[in-house]
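Please report on the backbone geometry and the cysteine pairing of this protein. Keep it brief and give the values.

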Amino acid sequence: MPPTVSPISRTRYRTRGSSPVRLGIAGLLCALAAALLPATGGGSAAAQAPERHPTGTARAATYTNPVTSGTVDTFPDPTMIRGKDGLWYAYGTQNPVFQSAGEDGERMLPILRSADMTHWEYAGQVFTPQTQPAWHGGSRLWAPDIRYTNGHYNLFYSVPGKNTVGVATAPTPTGPWTDAGNVLPSPSGCATGNIDQAQFTDEGGQPYLYWGSYDTICVAKMNGDRTRIEGAVTEIAQGRRAEGGFVVRRGGYYYLFYSDAGCCDGAYSGYQVKVGRATSPTGPFTDDQGVDLMDGTSKGSIVVGGGNGWVGPGHNAIQTDLSGQDWLVYHGISSDDPDLKPASGGTLKLSKRPMLIDRLDWIDGWPVLRAGAGPSTGAQTAPVTSWATGSTFNDGSLRGWQRTGSGTGGWSLADDQDSQGYVTHSGSGTSPALLVSGGSAPAAVRAEADLRVTSATGAAGLLVRYTNAANYVVAWLDKDRNALVTDVRVNGRSAGERVTALPSGFRWNAWRNVAAEVRGNRLTVEVSADRLRDAVATQVRTLPAAAVRKGRVGVAARGTGAAADNVGATALYTPVTTRVPEPAPGELLADYSDDFGGSAVPGTTAGSPWSWVRGPAAGVTVADGALSWPTQNAELHLSSNTASVLTRPAPSGDYTVETKISFAPGQSNQQAGMVLYDNDDRYFKLAHAVLPVNLGDGALTHVTEFAKEGARPTTTPPTALAYGPMFGGPTADVMRLRLSYHLDAERGEHEVRAATSTDGTHWVRTGAWTLPADGGDLKIGLVSLNTAGAVARFDYVHTYRD
């Protein structure tokens with residue numbers, strides 16, 4: 001049976017005589033490596049432990065998605081934090097995570113732990129059936145979001161049975177958890193589902209909560225302890241099935257990541273991660289074409305869509321490795337293994353959604369996964385999770401660390417339940433006392449430390465770079481000035497202090513992460529609670545050339561009460577600045593194209609490449625270089641196959657087919673566009689469609705709907721039909737639609753991607769849909785259907801060789 005708790009205690013001891021002696025991080029990692037082996041019932045993606053490094057963490061050279069493979073079967077809606085003990089912790093939606101080990105039941109908000117973000121062990125669950133708060137009413141619990149808040153951890157989670165959000169607090173990332181009730185009032189002030197929450201703290205310290213699902217995302221301020229919202233509720237995004245908001249701040253913008261189109265329909269899940277940005281945490285947020293996320297249309301700025309064997313990637317968080325590289329933390333569904341077995345006595349039918357991580361690149365001010373290459377398969381370069389120099393101090397040693405400056409005798413080791421080992425300084429001097437690492441880091445560096453000050457006055461600092469007592473760069477948390485203060489010392493002289501105010505009410509006795517990056521001669525310092533890209537203070541300054549050099553990292557203290565933990569530095573990541581080239585159509589295939597210059601199509605004539613399924617459709621005309629087609633009161637959906645389809649043969653090999661469509665629908669469910677069609681139950685469709693959105697007022701939204709219909713692969717035989725949509729870029733009355741076909745011979749699949757454009761120049765490219773290539777040949781087709789009353793005008797159908 002799978003473990004009910006982690007086999008690794010938070011602090012492990014062995015007996016030496018009658019005294020307990022801490023095994024430290026080395027012992028912890030040995031235990032972690034053992035726990036990761038499949039024999040524990042949790043297992044690991046690899047049978048061999050990751051490489052050990054003397055800096056106190058393990059670092060894997062490569063990883064392969066899903067990173068939770070062999071540990072848990074599924075881990076939906078993941079979120080991640082680096083604990084103050086130097087390890088990473090991940091939290092997921094309630095699910096039957098040990099089904100393959102024979103466990104039918106679910107774990108309530110399961111917790112995983114890792115030394116390197118890629119090898120994980122099971123570490124417990126937030127609630128059990130015995131400890132679940134009564135106010136939940138027995139609801140399943142979804143979509144956790146973890147934050148470090150003023151010395152403890154806040155875990156926000158969705159309670160769908162009560163249509164609200166709860167919060168639990170704990171002194172460590174694994175508990176014990178104390179219920180703090182529901183965060184939202186009832187009604188909350190948001191138009192739709194009160195789930196899928198994420199907390200964010202702005203510069204200056206104001207906390208916010210983002211939440212919403214099916215089909216609106218909202219934001220409101222929170223109280224100081226981040227347990228309740230207060231004040232106005234603002235709707236900031238709407239769209240068909242929009243949910244899963246997560247906000248970070250970067251480069252002067254607030255970025256709202258979200259998912260749409262549906263998370264949980266196995267191989268037919270249309271989830272994609274999209275993003276909008278704003279100059280305020282309450283919006284307005286726009287996509288990369290300037291479309292407001294509150295507009296009644298589907299949106300662009302796709303961060304990642306399905307493809308490469310993964311379906312429905314979505315509901316993301318973000319984590320930053322020690323080099324400063326951001327990683328998207330998300331779930332995905334394997335197209336080869338999309339579904340769990342029915343659980344809990346057959347009442348739960350769930351998709352298998354393991355946790356994936358992949359590099360998140362920021363290109364031209366917008367985030368995109370792996371420069372646009374999509375979810376990864378095969379071995380990938382792993383996150384940087386060990387320093388070139390530094391320590392977590394969990395080994396109970398200061399070996400290799402040099403005491404220098406004033407008050408050198410004041411440094412000592414301490415420990416607590418959450419941090420494990422850390423260093424502290426006592427002494428009343430006003431001159432800096434320095435503790436410097438033995439190794440060095442390069443000139444382009446990222447350094448960080450967790451700092452706090454427990455006395456009435458004083459300061460704790462991160463030595464970003466130390467050459468000698470006359471040459472160093474330091475970032476202080478200065479309690480006397482309630483400020484982040486940087487000082488650059490060159491040849492014994494200060495190049496000038498820079499002072500950035502910290503929020504009023506700043507909790508000095510709680511750990512704060514200070515992260516500094518030096519790129520060229522630019523120094524950027526951020527102060528945050530938990531490294532989740534929501535700094536409460538940021539400072540940027542230019543360094544003199546003499547200060548840009550290789551050096552050591554360390555800790556500085558003034559006065560008594562300064563403490564530091566997780567101090568280290570490593571080479572700063574090299575950003576990816578160019579997207580993967582997007583494929584462009586090649587040679588026009590005239591034999592498979594039509595500019596509608598004649599009038600033969602409506603009923604078809606001898607020799608015409610076009611033919612009808614259930615046609616000819618009433619009202620179709622060809623004139624003035626276009627085919628016009630009134631929408632039909634007819635369907636092409638699952639068992640309802642009454643709509644006409646106008647088809648023609650497609651070429652062999654890879655190709656792209658494009659049409660220009662003028663279409664201004666005004667009623668729900670009117671749609672028109674293209675299909676790649678085998679039969680009524682096997683096709684791909686890209687259409688401009690009008691759909692209802694759940695805003696409580698009969699609202700409609702226009703979407704570019706990219707869908708597939710086919711047999712559900714997990715039925716035996718696979719005959720049960722399913723239909724899955726994903727949503728592309730913004731719509732317009734005149735737009736261009738593209739479907740790109742590829743035969744994946746290795747996997748035996750039709751693979752189709754969609755792209756849409758409102759101007760013929762800027763294209764929004766979606767993820768991919770696939771179907772088994774074991775039926776008939778696909779044909780190029782047009783449709784105009786669902787609800788009468790609109791007219792679609794097709795200016796051309798062009799087919800290109802890819």
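This report covers disulfides, cis peptide bonds and positive phi angles.

**Disulfides**

The model is predicted. A search of the whole structure finds 2 disulfides. Counted along the chain, the bonded cysteines follow the pattern 1-2, 3-4.

One disulfide joins Cys 190 to Cys 218, with an S to S distance of 2.1 Å. This pair links distant parts of the chain, 28 residues apart. Cys 190 sits in the loop between β13 and β14, while Cys 218 belongs to strand β16, residues 216-222. Both cysteines, Cys 190 and Cys 218, are buried. The torsion about their S-S bond is about 85 degrees, so the disulfide of Cys 190 and Cys 218 is right-handed.

Cys 263 and Cys 264 form another disulfide. Their sulfur atoms are 1.7 Å apart. Here the S-S torsion is about -85 degrees, so the disulfide of Cys 263 and Cys 264 is left-handed. How do the two cysteines of this pair count, buried or partly exposed? Cys 263 counts as buried because its relative accessibility is 15%, and buried means under 20%. Cys 264 has 37% relative accessibility and therefore counts as partly exposed.

| Disulfide | S to S distance | S-S torsion |
|---|---|---|
| Cys 190 to Cys 218 | 2.1 Å | about 85 degrees |
| Cys 263 to Cys 264 | 1.7 Å | about -85 degrees |

**Cis peptide bonds**

The peptide bond from Asn 65 to Pro 66 is cis. Its omega is near -5 degrees. Pro 66 lies in the loop that runs between β5 (62-63) and β6 (79-82).

Ser 186 and Pro 187 are also joined by a cis peptide bond, with omega at about 0 degrees. Where does Pro 187 lie? Pro 187 is in the loop between β13 (178-182) and β14 (198-201). Cys 190 is placed in the loop between β13 and β14 as well.

**Positive phi angles**

Asn 308 is not a glycine, yet its phi is positive, about 60 degrees. Its place is the loop between β21 (302-304) and β22 (310-320). Asn 308 has 31% relative accessibility, so this residue counts as partly exposed.

Asn 669 is not a glycine either, and has a positive phi of about 75 degrees. The loop between β49 (655-662) and β50 (671-679) holds Asn 669. Why does Asn 669 count as partly exposed? Because its relative accessibility is 33%, and partly exposed lies between the cut-offs of 20% and 50%.

Conventions: Residues numbered from 1 in each chain as written. Predicted model: local features only at pLDDT ≥ 70, side-chain atom pairs only at ≥ 80, totals over all residues. Heavy atoms only, no water. Helix = DSSP H or I, 4+ residues; strand = E, 2+ residues; numbered from the N terminus. Buried < 20%, exposed > 50% of the residue type's maximum accessible area, 1.4 Å probe, protein only. Disulfide = S-S within 2.5 Å.
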